[in-house]
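Colleague: I am new to this one. Please take me closely through a single part, the paired strands, and then follow the contacts outward from there.

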Amino acid sequence: MNHDGIMSPKAISDFHAGVNFRAYWYLGAHMGLSGNKKGVFFRTWAPNAECVSVAGDFNGWDGSEHKMKRISDGGIWELFIPGIKEFDIYKYRIKTRDGREIFKSDPYGFHSETRPGTASKVYDLNGYGWGDEKWLEYKKNISIFKRPVNIYEIHLGSWRRRDDGSFYDYRSLAEELVPYIKKTGYTHIELLPVSEYPYDGSWGYQVTGYYAVTSRYGVPKDFMYLVDLCHRNGIGVLMDWVPAHFPKDEHGLYEFDGECLYEYSDPLKREHPDWGTRIFDYGRNEVKCYLISNAMFWADYFHIDGIRVDAVASMLYLDYGKRSGEWRPNKYGGHENIEAIELLKSLNS
């Protein structure tokens with residue numbers, strides 16, 4: 001983010017053009033200065049909203065005094081609130097075009113309440129003292145395709161529990177996991193999804209907070225410690241990434257501004273019937289930025305070494321899980337989702 005807290009016209013135009021792949025530098029909640037006042041810059045994308053405000057404990061969840069300003073024709077809203085502190089909780093209060101009032105967690109939020117809470121939390125991702133310089137240099141000089149790879153897949157919440165059944169935190173998991181991985185000869189761990197999710201039974205595959213590492217096991221810098229300790233011991237860290245679909249939890253991406261936004265509006269494209277989840281609109285520029293930026297985010301801030309794209313077949317085929325008449329062919333009459341293919345190609349470019 002710019003030091004003055006301003007989202008530049010180029011950053012805005014690139015976002016709406018589908019080529020801003022560091023959208024998290026601007027959108028979400030960023031601690032900073034406006035003049036000589038400390039506070040937080042809030043930005044969100046809600047083009048169909050009549051009004052957007054920031055609501056939280058700091059204003060009694062009313063939000064009427066903290067209305068955001070629309071700063072682009074494409075629907076980016078912005079507000080600086082002085083005095084907001086790290087860990088303050090908030091949501092966006094959105095007035096829809098049909099007169100409803102809905103509360104949404106931040107699509108770009110960096111931290112969240114632990115379920116069953118659903119609010120976002122202000123969090124500063126900067127300032128962790130990384131110690132994995134040797135690993136990062138090693139990766140530059142040695143191709144992963146020219147050395148043995150042995151991957152250990154792990155779900156952090158079930159790999160090990162405390163005697164009372166509670167979860168280990170990220171730092172305790174790191175101290176237990178790293179010696180085990182070294183002893184058993186694995187070169188990498190692959191984490192089942194660690195982005196925030198509301199339902200334990202989904203194992204993280206139904207995501208509501210794509211930019212927030214789940215708070216079940218601690219704060220984001222605790223997760224940084226886990227990755228850092230792996231790297232300092234020569235262990236790579238991969239993660240499952242879920243750009244195929246998202247759940248219909250009220251606080252999440254589902255009809256974010258009262259209408260289909262992150263998902264397809266076409267009823268023959270918008271939903272997976274087997275899972276009851278919404279399908280991302282891969283052809284929408286701002287959604288493309290959201291997803292590609294998210295993949296970049298995990299590498300930039302958490303030093304993740306690679307991602308495994310989950311349920312990729314459901315992205316590639318318009319008729320996935322659907323019967324005749326339940327899906328719409330592409331412009332060539334085929335069943336391939338050309339927009340999703342282009343998104344995945346962009347990830348590799």
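Modeller: Glycine 28 stands opposite arginine 43, a residue of strand 2. This is a predicted model, and that pair is a good way into it. Glycine 28 belongs to strand 1, residues 28–34. Strand 1 and strand 2 run antiparallel and pair over seven bridges. The two strands form a hairpin, with two residues between them. Glycine 35 sits in that turn, and its phi is positive, about 70°.

Now stay on strand 2, residues 37–45. Seven of its nine residues are buried, so the strand is largely enclosed by the rest of the structure. Strand 2 also pairs with strand 5, residues 76–82. That pairing is antiparallel too, over seven bridges. Within it, phenylalanine 42 stands opposite leucine 79 of strand 5.

Phenylalanine 42 leads on to the core. The largest nonpolar core has 92 residues. Phe42 is among the members that touch the most other members, along with Ile189, Phe223, Tyr262, Phe280, Tyr282 and Phe302. Helix 6, residues 285–302, supplies the largest share of this core, ten residues. Nonpolar side chains tend to be buried together in soluble globular proteins.

Take two of those core members in turn. Start with Ile189. Isoleucine 189 lies in strand 11, where it is the bridge partner of tyrosine 152. Strand 11 covers residues 188–191 and pairs with strand 10 in the parallel sense, over four bridges. Strand 10, residues 151–154, has two faces. Tyr152 and Ile154 make up the covered face. Ile151 and Glu153 make up the uncovered one.

Tyr262 is next. Leaving aside residues up to four places away in sequence, tyrosine 262 touches a long list of others. Among them are Trp45, Pro107, Tyr108 and Phe246. Leu253, Phe256, Ile279 and Phe280 are on the list as well. Asp281, Val287 and Tyr290 also touch tyrosine 262.

Then come the charged pairs. The structure holds 27 salt bridges. Glutamate 271 forms one of them with lysine 248, with the closest N and O atoms 3.0 Å apart. Glutamate 271 lies in strand 15 and lysine 248 in the loop between strand 14 and strand 15, so the pair ties together parts 23 residues apart in sequence. Glutamate 271 is partly exposed, at 22% relative accessible area. Lysine 248 is partly exposed too, at 36%. The pair belongs to a wider network: salt bridges with shared partners join Lys248, Glu255, Glu263, Glu271 and Arg278.

Look at Glu255 again for its backbone. Glutamate 255 has a positive phi, near 40°, though it is not a glycine. Its place is the loop between strand 14, residues 236–241, and strand 15, residues 271–272.

A second salt bridge joins aspartate 200 and arginine 115, with the closest N and O atoms 2.9 Å apart. This pair links distant parts of the chain, 85 residues apart. Aspartate 200 is in the loop between strand 12 and strand 13, and arginine 115 is in the loop between strand 8 and strand 9. Both ends are partly exposed: aspartate 200 at 32% relative accessibility, arginine 115 at 26%.

Each of those two loops has a backbone feature of its own. On one side, a cis peptide bond joins arginine 115 and proline 116, with omega about 10°. Proline 116 lies in the loop between strand 8, residues 111–112, and strand 9, residues 120–121. On the other side is tryptophan 203, in the loop between strand 12, residues 195–196, and strand 13, residues 209–213. Tryptophan 203 is not a glycine, yet its phi is positive, about 55°. The residue is partly exposed, with a relative accessible area of 44%.

One last pair. Aspartate 88 forms a salt bridge with lysine 85, and their closest N and O atoms are 3.9 Å apart. Aspartate 88 is buried, with a relative accessible area of 16%. Lysine 85 counts as exposed, at 52%.

Note on methods:
Residues numbered from 1 in each chain as written. Predicted model: local features only at pLDDT ≥ 70, side-chain atom pairs only at ≥ 80, totals over all residues. Heavy atoms only, no water. Buried < 20%, exposed > 50% of the residue type's maximum accessible area, 1.4 Å probe, protein only. Pairing = 2+ DSSP bridges. Core = buried A, V, L, I, M, F, W, Y, C linked by side-chain atoms within 4.5 Å. Contact = heavy atoms within 4.5 Å. Salt bridge = Lys/Arg side-chain N within 4 Å of Asp/Glu carboxyl O.
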